[in-house]
Amino acid sequence: MSSKTLGASRDLIVMAVLGSLLAATSLLVYGLLETAQFIWITIEPGEVPRKGAKALGLEFIEIVDLFLLGTVFYIIALGLYDLFTSSDINVPRWVTITALDGRKNKLIAVGIVILGVLFLWQFAGWNGETDLLGYGIAYALVIAATTYFLSTTRGSE
C-alpha cells in the first residue's frame, strides 16, 4: 500500500464522526421531546399533587442523563474529526486534543459524572426497602478506579 492510500484512509473516520453525531443528535432531541412531554403531562391536569415533586425530580434526572450521553457522543464526534480529519473547526479549547488518550480521559471523566447521576437517581427513587449501600459501594469503587486511572495517565502525558 502506498502512503497516499493510507493517508486517504483516515477519511474512513468520517463514518465514525457521522455516526457519533447522529447518536448525539438523536439523544439530545429525544431528551428535549421527553422534557416537553413530561412538562405537559405534569401541568395538564391543573393540579399539583404533593408527591409530584419527587416524580418530577426523578424524571428530570433521567432526562439529564440523556443529555449527558448526547454530550458524550457529541464530544466523541468533535474529537475524532479534530484528531483525524481537520483541526480547523471552532471548538472550545478543552475539546482540542493531540492524542487519542486525551479523548479517553475526557470521556472517562464524563462517565464519572454519569455514574453520579445514576446514583442520584437510585437515591432519589429509594423506597426504603432496597439496600443502597451496595449501589453506593459499587459506584464508589468504579469512580475510585477510574479516578486512579486518570491520575496515573495524566502524569505520563
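**Exercise 1. Place Ile 39 in this predicted model and work out whether it counts as buried, partly exposed or exposed.**

Start with the secondary structure: Ile 39 sits in helix H2, which covers residues 13–43. Next, take its relative accessibility, 37%. Buried would need under 20% and exposed over 50%, so Ile 39 comes out as partly exposed. Now look at its company: Ile 39 joins Trp 40, Ile 41 and Ile 43 in a nonpolar surface patch. Together the four have about 420 Å² of accessible area.

**Exercise 2. Find which residues make up the largest nonpolar core, and which helix gives the most to it.**

First, list the members. There are ten: Val 17, Ile 61, Leu 68, Val 72, Ile 76, Ala 77, Leu 80, Val 110, Ile 114 and Val 117. Then sort by element: helix H3 (52–85) and helix H4 (100–124) are the ones giving two or more residues. H3 gives the most, with six residues.

**Exercise 3. Locate Thr 147 and say how far it is from Ala 109, in sequence and in space.**

Helix H5 (residues 132–156) is where Thr 147 is found. With 40% relative accessibility, Thr 147 counts as partly exposed. As for Ala 109, go along the chain and the two are 38 residues apart; go C-alpha to C-alpha and the gap is 8.0 Å.

**Exercise 4. Check the confidence: which element has the lowest mean pLDDT, and which the highest?**

Begin with the whole chain: its mean pLDDT is 78, and 83% of the residues reach 70 or more. Going element by element, H4 is lowest at a mean of 70, while H2 is highest at 92. Where pLDDT is low, don't read the predicted coordinates in detail.

Definitions and conventions. Residues numbered from 1 in each chain as written. Predicted model: local features only at pLDDT ≥ 70, side-chain atom pairs only at ≥ 80, totals over all residues. Heavy atoms only, no water. Patch = residues over 30% accessible without salt bridge, like charges linked within 9 Å, V, L, I, M, F, W, Y side chains within 5 Å. Areas by Shrake-Rupley, 256 points an atom, 1.4 Å probe, with all protein chains shown as cover. Salt bridge = Lys/Arg side-chain N within 4 Å of Asp/Glu carboxyl O. Helix = DSSP H or I, 4+ residues; strand = E, 2+ residues; numbered from the N terminus. Buried < 20%, exposed > 50% of the residue type's maximum accessible area, 1.4 Å probe, protein only. Core = buried A, V, L, I, M, F, W, Y, C linked by side-chain atoms within 4.5 Å. pLDDT = per-residue confidence, 0-100.
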